[in-house]
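User: I should be grateful for a close look at a single part of this chain, followed by an account of how that part sits within the whole.

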Amino acid sequence: MRAIRRAKATAQVLLAMALATCNPQEPPQPSPAPVGPSPEIRIGLLRGAGRLEVRGDSGLTVLDADGATLAGVEPGVPWQARTDGARVAAQGPSGWTVSGQIAVSFVPRSAGGLVSVNGRWYRGRLTVVRDRGGLTGINIVAVEDYLAGVVGAEMGRRESSEAQALAAQAIVSRTFAVRNLGKRASDGFDLLPSVVDQAYGGVAAEYPLASEAVAQTAGQILTWQGVPIDAFFFSTCAGRTARGTEVFAAANRPYLASIRDLDGAGQPYCRISPRFRWREQWTGEQLQAVLYQSLPPVTGTDSGELAMVRGVQVTRRTESDRVGRVTVSLNRTTVDVDGPAVRQVLHPVGESTLRSAIFQLQETREGDRLSRLEADGAGAGHGVGFCQWGAVGRARAGQDATTILAAYFAGTVISRAY
């Protein structure tokens, strides 16, 4: 409950600051340097873990749920956290054990010290709590330190000519973090470290150019009418982004419009992406296996109907020319799959989702049965909001972060959150 209250209180403070500092009629402009400290965010690194190995580069202090000191850990010395019935236990190499705890926290002894969780290093501190399947490891870290591990993980290693794309991503990712403080409070943390929320690789994902982008934009977020925006982002738009409601029913926002993301020569800015063009193909047997796994949970289709797949056709497209519906012809019936579910149902073998909803289908039949299906596609991701490879292309063309963000989130304002 205390974590939930802290998250809500922080979000309210940030929102109040944003309301006080922006004017929706003004063009986006960078804000002054932050006037307050970075708030903390809680990242659920692991859930349902059997045990965790923890160590610190400067040593650690072990605390209980009330902040009382339980033990000290020397630099580099590993400790194990494990379940203890419905609670948490921790043990050092000497056998000294902390048991029966609601939560155990590992705090670096020195300012700027790091904590390692199962061999991966993070800034901030670690709290371990019991969950239904085992242990949850929560990295509690200042938002600015968190972002250094996000920008590098999301954008990869970039060149100095692409620095403004990193700065734009830093503002987008900070906006996402601020907007979503408390999002997963019922689990005891704010965000997950994966693309379900946004990728976070800890210290291993950091590098100087990404860290500079975070520092140079410190405290800056995007707002619309005084409120932090829904900062959607994705990999590659293939030349046109999607309107918010094409993908997310509740994303009816003026700043989530479909735009043509083309340079002066009419070429997509994101054409440099390795995912700009792609092809997927399934044999009849592979497609039947994929649909047997994916179609019933999404549409409620009787698995018996999947004894024969007769065809898969695109039957509706969206405003941005993405696939809005496919119709699957089965043994004795046809099934419509709409919206984002298309990418879930028609996924490649061994993967969970199709790269994007921009594709054309080509069928090959043997009699009434589909024997082969090919998808020629473009782009990667849902297509709403900020195109990461488009931002890289725009930065290479000389655009700064302010210009890049104005293109993808028209009418928004860069405001100071803290």
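Is helix α9 (residues 401-408) largely enclosed by the rest of the structure or exposed, and why?

Analyst: The model is a predicted one. In it, helix α9 is largely enclosed by the rest of the structure, because six of its eight residues are buried. Those residues are A401, T402, I404, L405, A407 and Y408. A residue is called buried when its relative accessible area is under 20%. The cover over these buried residues includes two helices, α3 (163-179) and α8 (388-396). It also includes the strands β13 (220-224), β22 (386-387) and β23 (413-416). On the spacing of such positions, a general point applies: an α-helix has 3.6 residues a turn, so residues three or four places apart point the same way.

One of the buried residues of α9, Y408, leads to another part of the chain, since Y408 is among the residues that T241 touches. T241 belongs to the loop that runs between β15 (233-234) and α5 (244-247). With a relative accessibility of 1%, T241 counts as buried. Beyond its neighbours up to four places away in sequence, T241 also touches F234, A257, S258, I259, S320, R322, G383 and G385. A contrast in position is given by A215: its C-alpha atom is 29 Å from that of T241, although 26 residues separate the two along the chain.

The loop that holds T241 also holds A238. A238 is not a glycine, yet its phi is positive, at about 65°. For context, most residues other than glycine have a negative phi. A238 counts as buried, its relative accessibility being 18%. A second residue with this feature is D321, which is likewise not a glycine and has a positive phi of about 70°. D321 lies in the loop between β17 (311-317) and β18 (323-329). Its relative accessible area is 43%, and D321 is therefore partly exposed.

Helix α3, part of the cover of α9, is followed by a loop that leads to α4 and contains Q198. Q198 is buried, with a relative accessible area of 0%. Its side chain makes a polar contact of 3.2 Å with the side chain of Y146. Leaving aside residues within four places in sequence, the contacts of Q198 include Y146, V150, E154, S173, F176 and A177. L192, P193 and F233 are also in contact with Q198.

Helix α4 (residues 208-216) contains E212. This residue is partly exposed, at 41% relative accessibility. E212 and T353 are 141 residues apart in sequence, and their C-alpha atoms are 34 Å apart in space.

Two further buried residues show how other elements are packed. S294, in helix α6 (residues 284-299), counts as buried at 8% relative accessibility. A polar atom of the S294 side chain lies 2.8 Å from the backbone oxygen of V345. Apart from residues up to four places away in sequence, S294 touches Q344, V345 and H347. F359, in strand β20 (residues 359-366), counts as buried at 2% relative accessibility. F359 and V323 are 36 residues apart along the chain, but their C-alpha atoms are separated by 7.1 Å. V323 is also among the residues in contact with F359, as are W278, V314, R317, V326, V342, L346, L354, D376 and G377, once neighbours within four places in sequence are left aside.

These parts can be set against the chain as a whole. Its secondary structure comes to nine helices and 23 strands. The chain is as compact as a globular protein of its length, because its radius of gyration of 24 Å is close to the 22 Å that the globule rule gives for 418 residues. Along the principal axes, its C-alpha atoms fill a box of roughly 70 × 55 × 35 Å. Of the 418 residues, 53% count as buried.

Among contacts between residues at least 6 apart in sequence, 67% join residues at least 24 apart. The accessible surface comes to about 18,100 Å², and carbon and sulfur atoms account for 48% of that area. The chain carries 44 positive and 38 negative charges, and the mean positions of the two sets are 2 Å apart.

To return to the question, α9 is largely enclosed because six of its eight residues are buried, and the elements that cover those residues include α3, α8, β13, β22 and β23.

Definitions and conventions
Residues numbered from 1 in each chain as written. Predicted model: local features only at pLDDT ≥ 70, side-chain atom pairs only at ≥ 80, totals over all residues. Heavy atoms only, no water. Helix = DSSP H or I, 4+ residues; strand = E, 2+ residues; numbered from the N terminus. Rg over C-alpha atoms; globule rule 2.2 N^0.38 Å. Buried < 20%, exposed > 50% of the residue type's maximum accessible area, 1.4 Å probe, protein only. Contact = heavy atoms within 4.5 Å. Areas by Shrake-Rupley, 256 points an atom, 1.4 Å probe, with all protein chains shown as cover. Lys, Arg positive; Asp, Glu negative; His and termini not counted. Charge placed at Lys NZ, Arg CZ, Asp CG, Glu CD. Polar contact = N/O pair within 3.5 Å; in protein donor to acceptor, adjacent residues only side chain to side chain.
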